[in-house]
Amino acid sequence: MILVCGVARGGIGGATARLIAAAGATVFAVDKAQELLDPTIADIEAAGGRCFGLVADLTESAQTDPIIATVVQRFGRLDGVANVAGGTRAEEWMKLEETPTSSFRATLNLNLEYVFRICRDAAAFMIKNKTGGSLVNVGSISALTSAPYHAPYGAAKSGISALTRTMANEWMHHGIRANTVSPGAVATERVMSRATNPADGGAAAAPAVKFTSVDALGHTIVFLLSDLASGISGQNIVVDSGISSAYCLGSVGLGTLAKNP
Ligand SMILES: NC(=O)c1ccc[n+]([C@@H]2O[C@H](COP(=O)([O-])OP(=O)(O)OC[C@H]3O[C@@H](n4cnc5c(N)ncnc54)[C@H](O)[C@@H]3O)[C@@H](O)[C@H]2O)c1
């Protein structure tokens, strides 16, 4: 049983859930609305896989905290977790010196805090039951160098890789592995609709960007969840088709792909 948080059909989580099911595991999918869960569940079932869904807003602790207990009560086991939900919030793209505290907190809440809660509770179950398991948390190349005009997101995703390294260290003797997967520019439905929308300034930038497929991210996550990756823990695997070897979404003063407000 693999828990996947954030499974919208056109995103990384939807691809991940489909690939996990195709590899033979049962998926327990969490998203904020039933209409986001249904298409991915339908895809998996149409391909002969098994997927169960739960609606929860991961930014609300009252909805996040019961998730692991729900999985365990219903299925009696939990082998791994992929925390994919997250993303930049449209409201946060601005100069750092103008960023309101409320915006900073909202981005950290969406991208970092729920990951702590889910992994803490998953590990507590795995430790108590001596099962071990694999945790994969999705970061971003925005955490590698700097995150111009989206500083809260860069800070949250840096937090993901730091937190995940500590998970790997504290829990290695319990057979729990923990890794970060950091995407570059991914060809999700959301990103591609923005990248081709001239009103967003995306059309000009899009040809310069090397996009990575959602399946490329999903395959990496499935690998890390599987026993094929039994020796890998505490790592940050960048899956960006090479773009961070040249730049990281641009930086102030060097010409930037990030939106300069
Ligand atoms: N797409 C990219 O280019 C890119 C680049 C770097 C990092 N990432 C990271 O990859 C992950 C997936 O991004 P994506 O591009 O597939 O985005 P997406 O918007 O397609 O998927 C995000 C998922 O999270 C879910 N979600 C959002 N808020 C939620 C909430 N409050 N409660 C429950 N579920 C919620 C969404 O419904 C959706 O299923 C994110 O963590 C994002 O930060 C994406």
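Start at A8: a backbone N or O atom of this residue sits 2.9 Å from an oxygen atom of the ligand. Keep in mind as you click around that this is a predicted model.

Now add V7 to the selection. Here a backbone N or O atom lies 3.3 Å from an oxygen atom of the ligand. Then jump along the chain to V186, where a backbone N or O atom comes to 2.8 Å from a ligand oxygen atom. Switch on a surface at this point: of the 820 Å² of accessible area that the ligand has on its own, the protein covers 91%.

Next, show the whole shell around the ligand. There are 30 residues in it, and the ones to label are I12, D31, V84, Y153 and G184, which come nearest. Color the shell by residue type and you should get 15 nonpolar, ten polar and five charged residues.

Which helices each supply at least two residues of that shell? Select 101-128 for helix 5, 151-171 for helix 6 and 189-195 for helix 7.

Hide everything but helix 5 and helix 6 for a moment. Their axes come within 8 Å and cross at roughly 15 degrees. Angles under 35 degrees count as roughly parallel, so helix 5 and helix 6 are roughly parallel to each other. The crossing of this pair is right-handed.

For the last stop, bring up helix 1, residues 12-22, together with helix 2, residues 34-46. How far apart are the axes of helix 1 and helix 2? They are 10 Å apart, and the two helices pack at an angle of about 25 degrees. Helix 1 and helix 2 are therefore roughly parallel to each other too. Turn the view to look through one onto the other: helix 1 passes helix 2 in a right-handed crossing.

Terms used:
Residues numbered from 1 in each chain as written. Predicted model: local features only at pLDDT ≥ 70, side-chain atom pairs only at ≥ 80, totals over all residues. Heavy atoms only, no water. Near = heavy atom within 4 Å. Polar contact = N/O pair within 3.5 Å; in protein donor to acceptor, adjacent residues only side chain to side chain. Areas by Shrake-Rupley, 256 points an atom, 1.4 Å probe, with all protein chains shown as cover. Helix = DSSP H or I, 4+ residues; strand = E, 2+ residues; numbered from the N terminus. Nonpolar A, V, L, I, M, F, W, Y, C, P; charged D, E, K, R; others polar. Axes fitted to C-alpha atoms, helices over the stretch in contact; angles between N-to-C directions. Parallel < 35°, antiparallel > 145°, perpendicular 65-115°, else oblique. Left-handed = near helix turned anticlockwise from the far one by under 90°.
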